[in-house]
Amino acid sequence: MKVTTEELERCETLLTVEVEPEQQEKMLKKAAQRIAREVKIPGFRPGKAPYNVIVRRFGLEAIQSEALEQSVEDLVKEAMADVKLTPFAQIKLDSVEWTPALTIKIKVPTKPIVELGNYRDTRLEAKPVEVTEQDVEEALQRLQEQQATWVPVERPAEMGDLISMTVTEKEGDTVLSDHQAVEYELKPVDDDDDEEDDDDDDEFEEDEDLDDDEEDDDDDDDEEEDDEEDDDDDDEGDDDDDDDDNQRNWRPDLTTPLLGLSAGQSKIFSITYPEDYQNEQYAGKEITFEVEVSGVKAKELDPLDDEFAKQVGDYETLDALKDKIREDIRQSRERMNNFELGSQALDQIIENAEKIEWPAALEEEQIDHEIEHYEHHLKQANLTLDAALRVQKKTKEELREELRENVVKQLKRGLVMSKVAELEKLEVSQMEVLEQAKLMADMYGGGDRMWQSLLAAEARQGSIANDLLSSKVMQRLGVIAKGEAPDLDVEETPAESETSTEPAPASDEAATEPVAESTPVSTTDEVDEAADESPETVTSKV
């Protein structure tokens, strides 16, 4: 077998495989034997008909087609291995000729070319990092709230109290669910909407959400699968994402009707659910709640003194705790600044890059992925892509061209980030993946079960690793832009790495940075807003 290659445009190689006559003859005869075994030929036992009889009966083209179907994959794999050619996207059959010898031509997309030039010369002005006494006091108060205990009180329930109760939900006379030993914190619904997802999921400590029942586990699994499909969200789906989030975030206002109730009291009230509520059993219906209160508890805060500092951690005085909080906030904001600066630096590096080139096949595959994602959202709304395109009065090709601009932008960013990770020798260890998976499970209230689920799927681990690597790249670009990047010839110690694995900070401001770190407390709005802007994904598997 003779194998030759020819470099084409845009990271593509034409692979030509010329099969020797002897090998070609063996392929055709084996194909004829397979046909003879599968098709009954008068006068011959299965598989015993001579080659020339098979040719006369079925034609040479049929035998050639069978031979290709059975052998072309192995031939191409062997040929690519011979010339050390690795496809970066789906290969494409260019042509097949049988005379004078079997010649197969394949177009093979090859590794993208990224030449960044002197990217380390990029410089940008960083914002100064400030931490005020008010910042420290607010963080300390949040920590105080988290350390608070619930104590029983003999009075009507007030805002901020915790009610213990049983709840029965009905539609007319039909019981939809019956919950025992539910604990519900009385707080404004608007505040609920602003809380972290883990707070929402754990609103009822015993029975979780009143109206989700046993569907929660299945929904969680489905959402994890959806998340993997949605990693590269396109602009077409942004409005749909907002609508889906609004549906998921709507929660019934139980606080208002429960205010003023005391232990031993009962109450019946109704709540009308929105038409687009995610649980069809409740959507658009008036649900009656029958509540029996068994107890009321109030939150008791510990005084902010030296004893409180010792209770929280290894701090001798309250001032020592404040110093740690102040430093944690400073480091958190420094990392957030680096991340924002890194994003700006990335844009500048892309603009000044000497060459960024990728296979056309890779671009088309990414567009296909975006369309699949769009179809996924449409399916959730019981719509089809064809129906949506008819409403928008556009063709599928027009949709592809609309998506292309964003795909090209994301490909450039991903490829450059991947190259930076390579040049800067940034890596993600398995331990970092395990720690991040544990943090995610704790953050969303999934515990060990969710943690094990995250680690069970290889694709999920790869996604976590890529997110971590992307964050490391952004952090590194940030320090490069400030002129503070470490020498590439000097090996970094773990303490100098972009991702810290030191014990959890006393402040809660670092909890949802682009590189999430383990922390026992909630996050601030300032960090949440930045974290919502998901870090770019490096276009290469870690």
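## Exercises on charged side chains

**Exercise 1.** Classify R400: is this residue buried or exposed?

*Solution.*
1. Take the relative accessibility of R400, which is 11%.
2. The cut-off for buried is under 20% relative accessible area.
3. R400 therefore counts as buried.

The model is predicted, so every value here is computed from predicted coordinates.

**Exercise 2.** Find the salt-bridge partner of R400, and state where both residues lie.

*Solution.*
1. The side chain of R400 meets that of D368 in a salt bridge, with N to O at 2.7 Å.
2. R400 sits in helix α14 (residues 396–423) and D368 in helix α12, so the pair, 32 residues apart, links distant parts of the chain.
3. Widen the view: salt bridges with shared partners join R10, E363, E364, D368, R400, E401 and R404 into one network.
4. Check the cover on the partner: D368 has 34% relative accessibility and counts as partly exposed.

**Exercise 3.** Work out which parts of the chain the salt bridge between E363 and R10 ties together.

*Solution.*
1. Start with the contact: the E363 and R10 side chains form a salt bridge at 3.0 Å, N to O.
2. Place each residue: E363 belongs to helix α12 (residues 360–380), while R10 is in the loop between β1 (2–7) and β2 (12–18).
3. The pair therefore ties together parts that are 353 residues apart in sequence.
4. Compare the exposure classes: E363, at 6% relative accessibility, is buried, whereas R10, at 34%, is partly exposed.

**Exercise 4.** Explain how E327 and R330 are placed in helix α11, and describe their contact.

*Solution.*
1. E327 and R330 form a salt bridge, and their closest N and O atoms are 2.8 Å apart.
2. Both lie in helix α11, three residues apart, so about one helical turn separates them.
3. E327 is partly exposed at 30% relative accessibility.
4. R330 is also partly exposed, at 33%.
5. Now count over the whole structure: a search finds 34 salt bridges.

**Exercise 5.** Name the residues of the negative surface patch, then locate E316 and classify its exposure.

*Solution.*
1. The patch consists of D306, D314, E316 and D319.
2. E316 lies in the loop between α10 (306–312) and α11 (318–352).
3. The relative accessible area of E316 is 56%.
4. Exposed means over 50%, so E316 falls in the exposed class.
5. Patch members must have over 30% relative accessible area and no salt bridge; the 56% of E316 satisfies the area cut-off.

Conventions. Residues numbered from 1 in each chain as written. Predicted model: local features only at pLDDT ≥ 70, side-chain atom pairs only at ≥ 80, totals over all residues. Heavy atoms only, no water. Patch = residues over 30% accessible without salt bridge, like charges linked within 9 Å, V, L, I, M, F, W, Y side chains within 5 Å. Areas by Shrake-Rupley, 256 points an atom, 1.4 Å probe, with all protein chains shown as cover. Salt bridge = Lys/Arg side-chain N within 4 Å of Asp/Glu carboxyl O. Lys, Arg positive; Asp, Glu negative; His and termini not counted. Charge placed at Lys NZ, Arg CZ, Asp CG, Glu CD. Helix = DSSP H or I, 4+ residues; strand = E, 2+ residues; numbered from the N terminus. Buried < 20%, exposed > 50% of the residue type's maximum accessible area, 1.4 Å probe, protein only.
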